[in-house]
Amino acid sequence: MVKKIDVAEIFGSDVFDDATMKERLPKKIYKELKQTISVGGELDSHVAEVVANAMKDWAIEKGATHYTHWFQPLTGITAEKHDAFISPTDDGGVILEFSGKELIKGEPDGSSFPSGGLRATFEARGYTAWDCTSPAFVHETPSGSTVLCIPTIFCSYTGEALDKKTPLLRSMEALSVQALRIVRAFGDTEAQKVTTSVGPEQEYFLVDRDTYNQREDLIFAGRTLFGAPAPKGQELDDHYFGSIKERVSSYMNDLNEELWKLGVTAKTQHNEVAPAQHELAPIYNTTNIATDHNQLIMETMKKVALRHNLVCLLHEKPFAGINGSGKHNNWSMSTDTGVNLLDPGVTPHQNKQFLLILSAILKAVDEYAPLLRESAANPGNDHRLGANEAPPAIISIFLGEQLEDVLNQLCEKGEATSSKVGGKLDVGVSTVPSFMKDATDRNRTSPFAFTGNKFEFRMVGSTASIADPNTVLNTIVAETLRQAADVLEASDDPIMAAHDLTKKWIGEHIRIIFNGNGYSEEWVEEAERRGLPNIKNMVDALGCLTEEYAVELFERHKVMTRVELTSRQEVGYETYAKAINIEARTMIDMTKKEIIPAVIKYTTTVAQSVAAVKAVGADASVQEASLADISKNLVAMNAALEKLEAATDKAASIEEPKAQAIAYRDEVFTTMSELREPADALEMLVDKSVWPFPTYGDLLFNV
Ligand code: ADP
Ligand code: MG
């Protein structure tokens, strides 16, 4: 039976959204709250009181017994601590209460969250504060109880950001300030605010839960640490956009329903390149809401999977040899009057404001490439970037034929006088109508691609919060727009000044543009000649956060202080070390307790067979060769195991975070491959029935 879903009816039904507020709040209160949401400024405590009460009544009607400040600490996932609405009465009973104070401010102890030295456990005071620009919602817990979730930021007693949302919100404000100056210089007197929007496309894998439960590596590390390739991988391209299997389709239906209730505009779903890999894309939203929604998407993906006896893997590289997962971050900025500043229009060569903004983005991405690269760095993504399945670790920009031609005209002739058009596409079948095609084809290998009226930052990892990349994007663009605005405001002829600056910046930053194949070896060499950084791993990427230019940038725009940047860097080193430590210890565990015992058992059987076959005078050469091969790999595996144990213990004992992260990368991570190689070889030599855990074939092709 197909379950019918009334999408329009359920959409946003679990959200205390604009319509709900309008309906439930007195007009004056609603207006004041809306003013704060759209323009900013401090919220009156009386308003907060009324909103809190209305929110509570609404949530209780939805079955909520508890509320929580919902925040995003530096772990990159969300955190919540539930409080019941109850408040005792004199006669020994309770009433349900929720005050404006409780709405606005919370004080979770939270001393166990990573803070990178910002907070010692003995001075654990941390505050959560309501972010009224992201709507509250009710969330069902796995046991069926319902909680009112209030999106908040999380900061320390002294006001330092301890979360991902605070810098993001600050960066949105910084960008708005500078972008407004630009549109003003071009004569726009109406716009009051410029907002960045994001549409993040989320990739994920689905595997059978029972199969998953038999693999320690998936349980502890989120990715397979062993596994010989299955006979079939993704070489036939038959999974990409392929028809969706029933079990997966039924999962997607449930997922969509849950997300729609939460007001998440889940829009596009399809099978991805690798077997068992899929994608979901929502319709874009303002960056802070998109960030919250992406967290909800990831959480809901995992939660709904269990109901279907599936497990959703969000890791960047769950399986070797086939594609991993990422998150394309589609980014644009528009005024509150509805103008997308990244829309070139039909004749980009005439759109001087667009061209200036474009050149400012080229400059920002070129000058601050290491920060962008860092914003996409996590241990999982180290497996993808530069591995010919995701963008290279080198930042470059793809603009497409049309814009590149306009820029070339500007550079060569000092003036752009025409824009190439897409023209008609005639497929040569009379019944298929011909249509206008885009002025530019796509490029799938670029890390930062212009796609019509937005930029698509394609380096972000699938588990990552999109807060970091967008904080960086907003801030670096705010900075170059600031420089442009300074020039324009000082000139008698701002339009001419913009034209000259555009030309200058394009000339200076042309090296960042690359329209070719980003996966090729030639590009790596060419990029090196151009002087573009190629930062290969997370540990190296983290360095830039405390470089003087980065501190100056973030402090100037009041997005992050030196102390906050230092703390984030330290958390980064620790995160890396912890992730590799877990992976190494999981490998050691699996090797000792599962692989070695299984192989020993099997070799005994083969040895007995050799003896038995020989005893009757028959040819045992095949058995002997197999035994020799297995024994050789077993010896190699054991040697690698001992080496890995020693390297892991040594790295674990290092105190200084950076030195420790380097040890995990150079000593531990490299030895993990040495251990995996003979183990995977053994998987191919040993009877499947004695191999201790499910194979790639079992995991990838049984849903
Ligand atoms: P693709 O073909 O690359 O998957 P889509 O058209 O499906 O591109 O869009 C991908 C994502 O980009 C979606 O989340 C979509 O809502 C988002 N998007 C579209 N326009 C904009 C925009 N102006 N700003 C930000 N994101 C956008
Ligand atoms: Mg895309």
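**View 1. Phe448 is a buried residue of the predicted model.** At a relative accessibility of 1%, Phe448 is classed as buried, because that class comprises residues under 20% relative accessible area. In this predicted model, the ring of Phe448 is paired with that of Phe455. The two rings are stacked, with 4.9 Å from centre to centre and 20° between the planes. Phe455 is itself buried, its relative accessible area being 0%.

**View 2. Phe455 also pairs with Phe450, in an edge-to-face arrangement.** The centres of the Phe450 and Phe455 rings are 5.2 Å apart, and their planes form an angle of 65°. Phe450 has a relative accessible area of 7% and is therefore buried.

**View 3. Ring pairs join five phenylalanines, Phe354, Phe448, Phe450, Phe455 and Phe457, into a cluster.** Among the members of this cluster are Phe448, Phe450 and Phe455, for which the views above give the details of two pairs. In the structure as a whole, there are 21 aromatic pairs.

**View 4. Strand β11, residues 277-282, is largely enclosed by the rest of the structure.** Six of its six residues are buried, so the strand is described as largely enclosed. In a regular strand, side chains alternate between the two faces of the sheet. Both faces of β11 are covered. On one side, Gln277, Glu279 and Ala281 are buried; on the other side, His278, Leu280 and Pro282 are buried.

**View 5. Strand β11 is paired with strand β9 in the antiparallel sense.** Strand β9 spans residues 194-208, and four bridges connect it to β11. One bridge partner in β11 is Gln277, which is matched with Phe205. Gln277 is also one of the buried residues of β11.

**View 6. Strands β10 and β11 form a hairpin.** Strand β10, residues 266-271, runs antiparallel to β11 and is joined to it by five bridges. Gln269 has Leu280 of β11 as its bridge partner, and Leu280 is buried. Five residues lie between the two strands of the hairpin. In the turn, Ala276 has a positive phi of about 70°.

**View 7. The annotated span comprises residues 164-595.** An unreviewed UniProt entry assigns the annotation "domain: GS catalytic" to residues 164-595. In the predicted model, the end C-alpha atoms of this span lie 40 Å apart. The span is 47% helix and 12% strand.

Definitions and conventions: Residues are numbered from 1 along each chain as its sequence is written. Chains are lettered from A and ligands numbered from 1 in the order in which they are written. This is a predicted model: local features need pLDDT of at least 70, side-chain atom pairs count only at pLDDT 80 or more; totals for chains, interfaces and linings use all residues. Side-chain values use heavy atoms; hydrogens and water are left out. Rings of Phe, Tyr and Trp (its six-membered ring) pair if their centres lie within 6.5 Å; planes under 30 degrees apart count as stacked, over 60 as edge-to-face and the rest as tilted. Buried means under 20% relative accessible area, exposed over 50%, partly exposed in between (1.4 Å probe, protein chains only). Two strands pair if DSSP finds at least two bridges between them. UniProt positions are given in the numbering used here, feature names are shortened, and annotations may be inferred rather than shown by experiment.
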